[in-house]
Amino acid sequence: MSGVDVLVEQYRVLPAERRREIAARASPALRSRLAAVERDLAMRHSPGSLAAVLTDGKEMQAPHLDLIDQAFQRIGAGESIRLLLTMPPRHGKSRRAARWAPLWYLAQRPDHRIMIASYSSDLADDHGRWIRDAITEWGDQLGLNLHPGSKAANRFDILSKEGGLFAAGVGGGLTGKGANLAVVDDPIKDDADAQSPMMRRRLWEWWQAVLLTRVEPGGSVIVIQTRWHEDDLAGRILAGETASDWTIIDLPAIADSEDDALGRKIGEPLWPARYGRKALAAIRRAVGERVWWSLFQQKPRPVEGGVWQRAWIDKHRLTPVEFAAIELARVVVAVDPSGGDSTVNDETGIVGLGADNDDHLYVLADKSGTLGANDWGLTACRLALSLRADAIVVEANYGGNMAKSVVSQAWDQLARDGETRGQLMPMIVEVNAKVGKRLRAEPVAQLYDQGRVHHVGHFAELEGQMVTWVAGMNSPDRMDAAVHDLTELAGGGQADALGQGMDDGRLRGRR
């Protein structure tokens, strides 16, 4: 090996800044060889960089696609992961995760086998055909060649290696060797299949009995899906016993959470270069609220048209700046512990509201989540501290007196830790509300219709539950907590309803 060859090999492992320094001083001939090395390093770096190199920069790139790249980089490095990727249609998820990423993975691991499954064998074959054709076109650059006797779109092998790919439709058989990487892309065809309990059951049975049994020990599984239904494949994975084993990349079209996977601010679009706010607003009007929340926000809900109307919320919403001038007479935190019949998104509702002296009500905070008893007790008490609440409303149906005890013990713990700073413990109000949900909800909804309830900011999940709830459904916990709050504030005469023992100063200096 010549001195130049040694230099080129050493160059490969140097930091990028050092490589730039060497390239800047290199002769034209050496620079040409180093440029080839840089091209090879870029192709090996990630699926996105491979796509950029092979298409001369024409393949679309975006921050949300970088998250897919990062997951596959982990797999390519030998890590075994379970990845659930949910995002809106037409945002490049399938092209990156079911085409460029498997192609990149085969280039890194030519002895590994990839399985691709989609709602139909035609779609799965399309992915397989694209990857096969890419190897035919760019095989020399990838270091891959197809075995001459195995070049079908739904099954091909890599020449002189153990690796290859096979594809099939969801529900079909997956014969042949096991897979080191299984990619399930768009497992649900359409709304009709999503709404069919039989089709959802068949998909789950195939997932458990067929797909998972084909994954090799140490292998990885990728599920790429637009959400259709609360009980779809993603929903069952999230509600299952192995949910904690999964890496979740949940990317709504419009950011609606402070812990957004991309760090977006609430209201920011996922791919503004292609779908800005105006474009997404037009899509929302065209598809309707149910489709919007399911396919685009990844929060499947039943059809709207129940007790609440979204227009009532939007019309009277306040910004934090507008709210700053409001003086509150009371503030209440309500808790609706989990433990109902629902198996999906069973949360503890923890919502804070305030009331002014003009009988207007203000939704201030939603700290709901999947929480154990100790955690929800501390969360509710901390919210009460931050809002200076005078009462905590708890549902007495939860374990008899247990809910009241949970709150009292949590407050005592915070007091011992110095977090209460001498603030008096709010009064604990117990309610019994498991019967007559509609009888409680309808008067509260009328307050919205009358323009007396104002959401201070946006509470996407709470609002989604409100506008999609109809009588007969299990009422969701966030909504129940808000109803408890509103019933306490609107139905009790506010400060006059506190009765004896509340003249101790806890209501003074609210603002």
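This report describes a predicted model of a single chain, from its overall composition to one helix, one sheet and one buried residue.

## Overall composition

The secondary structure of the chain comprises 19 helices and 14 strands. Of its 511 residues, 51% are buried. The accessible surface amounts to about 23300 Å², and carbon and sulfur atoms account for 49% of that area.

Contacts that link distant parts of the sequence are also described by a proportion. Among contacts between residues at least 6 apart in sequence, 71% join residues at least 24 apart.

## Helix 16

Helix 16 covers residues 402-416. Its 15 residues should span 21 Å at 1.5 Å a residue, and the C-alpha atoms at its ends are 21 Å apart, which agrees with that expectation.

The buried residues in helix 16 include A403, V406, V407, A410, W411 and L414. Because these residues cover an arc of only 125° around the axis, they lie on the same side of helix 16. An α-helix has 3.6 residues a turn, so residues three or four places apart point the same way. On the face turned away from the buried side, helix 16 carries the exposed residues Q409 and R416.

The cover over the buried residues of helix 16 includes helix 15 (373-387), strand 12 (391-395) and strand 13 (427-431). Just after helix 16, G418 adopts a positive phi of about 85°.

## The six-stranded sheet

Six strands form an open sheet in the order 13-12-9-10-11-14, and their pairing is mixed. Strand 13 and strand 14 (453-455) are the edge strands, each pairing on one side only. From one strand to the next, the twist averages 25°. Strand 12 and strand 13, which are neighbours in this order, also contribute to the cover over the buried residues of helix 16.

At the other edge, strand 11 (residues 361-366) and strand 14 run parallel and are joined by 3 bridges. Within this pairing, L361 stands opposite V453 of strand 14.

## The surroundings of A482

A482 is located in helix 19, which spans residues 477-491. Its relative accessibility is 0%, and A482 therefore counts as buried.

Which residues are in contact with A482, leaving aside its neighbours within four places in sequence? They are V351, L353, L462 and M466. A further relation links A482 to A334: the two residues are 148 residues apart along the chain, while their C-alpha atoms are separated by 6.9 Å.

Methods. Residues are numbered from 1 along each chain as its sequence is written. This is a predicted model: local features need pLDDT of at least 70, side-chain atom pairs count only at pLDDT 80 or more; totals for chains, interfaces and linings use all residues. Side-chain values use heavy atoms; hydrogens and water are left out. Helices (H or I, at least four residues) and strands (E, at least two) are DSSP runs, numbered from the N terminus. The expected span of a helix is 1.5 Å times one less than its number of residues. Buried means under 20% relative accessible area, exposed over 50%, partly exposed in between (1.4 Å probe, protein chains only). The arc is that of the directions from the helix axis to the C-beta atoms. Contact means heavy atoms within 4.5 Å. Accessible areas come from the Shrake-Rupley method with a 1.4 Å probe; for residues, only the protein chains shown count as cover. Two strands pair if DSSP finds at least two bridges between them. Axes are lines fitted to C-alpha atoms, for helices over the stretch in contact, and angles run from 0 to 180 degrees between N-to-C directions.
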